[in-house]
Amino acid sequence: MSSSPLAAGEDAPFRWDHVRVKLKKEIVTLGMPSVSPIERVGTYIKPMEWNALISDPDVVVIDVRNDYEIRVGKFKGAVDPCTTAFRDFPSWVEDRFKLADSGDKLESSGSAGALDKLTKEKGNKKVPRIAMYCTGGIRCEKASSFLLSKGFDEVYHLEGGILRYLEEVPKTESLWEGECFVFDKRVSVEHGLVQGTFKLCYGCKKPVSDADMESPEWEYAVSCPYCFASKSDEEKERARARQRQFEKWGIIGGPDKGRRPAKTVDIKVNSATQMSKSL
């Protein structure tokens, strides 16, 4: 039986003693208070119905996650917005589809590959049919609400996200390629939510593969090929110092981190006080 008050054993993806509860205005930050999934959201698609939707040549599939997540795995033929944060997604959409401020005009800028099939004619404007997905579905709720507010008519998103798809859809029928990055100590998972092969670079908190760790730019707890060039020598040395502390004490900062400094006793003053009392 686990000693955890939450009954979370060693195999739990999150450490129970590291749980923190915070009040936040947004679970995932889009930076657009006017976008409300409660008022308007896209059409949910069950995992078992997802393959048929994204196999439709008239549908463009968009991965709503960040670039480092997509690097680990994605659905076949999905468009990568190349964003580094979720709040970058609206500007990518507006640039890619050349949205007018009024939202009355929708047209694709056009490019090779998946974006060649972006649009279908509807009246005097071109309206793309969109299918989007993310890790657990939360980001898609906001992203679909944003697209609907911009005049997109058909916006679909994977209910339960990639994780539910990997859990419910057999690997033999799957259109998923690679692994799925997750924000816990597993780092990545495969079909059946089995732990994947990726590790985490503690220098930038991004996933790294076995091949990445063969790079001369990889140094455990310091840097990886994705952050090596952006880190100064001072930053790398501080990271090395933190790792040495952790290896020696099991905690960064040493065994006294977080403790109040012990009170020091002035021996001379104390002795003088005792002598005066004895006299």
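Of the 279 residues in the protein, 39% are buried. The model examined here is a predicted one, and a good way into it is to begin with the overall make-up. Seven helices and eleven strands form the secondary structure of the protein. The exposed area of the protein comes to about 17300 Å², and carbon and sulfur atoms supply 52% of this area. Contacts along the chain tell a further part of the story: among those between residues at least 6 apart in sequence, 54% join residues that are at least 24 apart.

The interior can be followed next. In the largest nonpolar core there are 22 residues. Those with the most contacts inside this core are Val64, Phe89, Val93, Ile130, Met132 and Leu147. Two or more residues of the core are given by each of the strands β2 (59–63) and β5 (125–133) and the helices α3 (89–96) and α4 (138–149). Helix α4 provides the largest share, namely five residues. Apart from this core there is a second, separate one of 20 residues, and its members include Ile45, Trp50, Leu166 and Val189.

Trp50 leads on to a pair of packed helices, as this residue of the second core is also one of the α1 residues that meet α5. A packed pair of helices is described by the angle between the axes and the distance between them. For helix α1 (residues 47–54) and helix α5 (residues 161–168), the angle is about 105 degrees and the axes are 9 Å apart. Angles of 65 to 115 degrees count as roughly perpendicular, and α1 and α5 are therefore roughly perpendicular to each other. On the α1 side, the residues taking part are Pro47, Met48, Trp50 and Asn51; on the α5 side, they are Arg164, Tyr165 and Glu168. Sorted by class, this contact has four nonpolar residues, one polar residue and two charged residues.

A closer look at a single residue rounds off the tour. Glu69 belongs to helix α2, which spans residues 67–70. Is this glutamate buried or exposed? Its relative accessibility is 0%, and because buried means under 20%, Glu69 counts as buried. With neighbours within four places in sequence left aside, Glu69 is in contact with Thr135, Arg139, Phe181 and Phe183. Of these partners, Arg139 falls within the residue range of α4 (138–149), the helix that gives the largest share of the 22-residue core. Glu69 also illustrates how the chain folds back on itself in space: Lys206 is 137 residues away in sequence, yet the C-alpha atoms of Glu69 and Lys206 are 8.3 Å apart.

Conventions: Residues are numbered from 1 along each chain as its sequence is written. This is a predicted model: local features need pLDDT of at least 70, side-chain atom pairs count only at pLDDT 80 or more; totals for chains, interfaces and linings use all residues. Side-chain values use heavy atoms; hydrogens and water are left out. Helices (H or I, at least four residues) and strands (E, at least two) are DSSP runs, numbered from the N terminus. Buried means under 20% relative accessible area, exposed over 50%, partly exposed in between (1.4 Å probe, protein chains only). Contact means heavy atoms within 4.5 Å. Accessible areas come from the Shrake-Rupley method with a 1.4 Å probe; for residues, only the protein chains shown count as cover. Axes are lines fitted to C-alpha atoms, for helices over the stretch in contact, and angles run from 0 to 180 degrees between N-to-C directions. Angles under 35 degrees count as roughly parallel, over 145 as roughly antiparallel, 65 to 115 as roughly perpendicular and the rest as oblique. Ala, Val, Leu, Ile, Met, Phe, Trp, Tyr, Cys and Pro count as nonpolar, Asp, Glu, Lys and Arg as charged, and the others, Gly among them, as polar. A nonpolar core is a set of buried Ala, Val, Leu, Ile, Met, Phe, Trp, Tyr and Cys residues joined through side-chain atoms within 4.5 Å.
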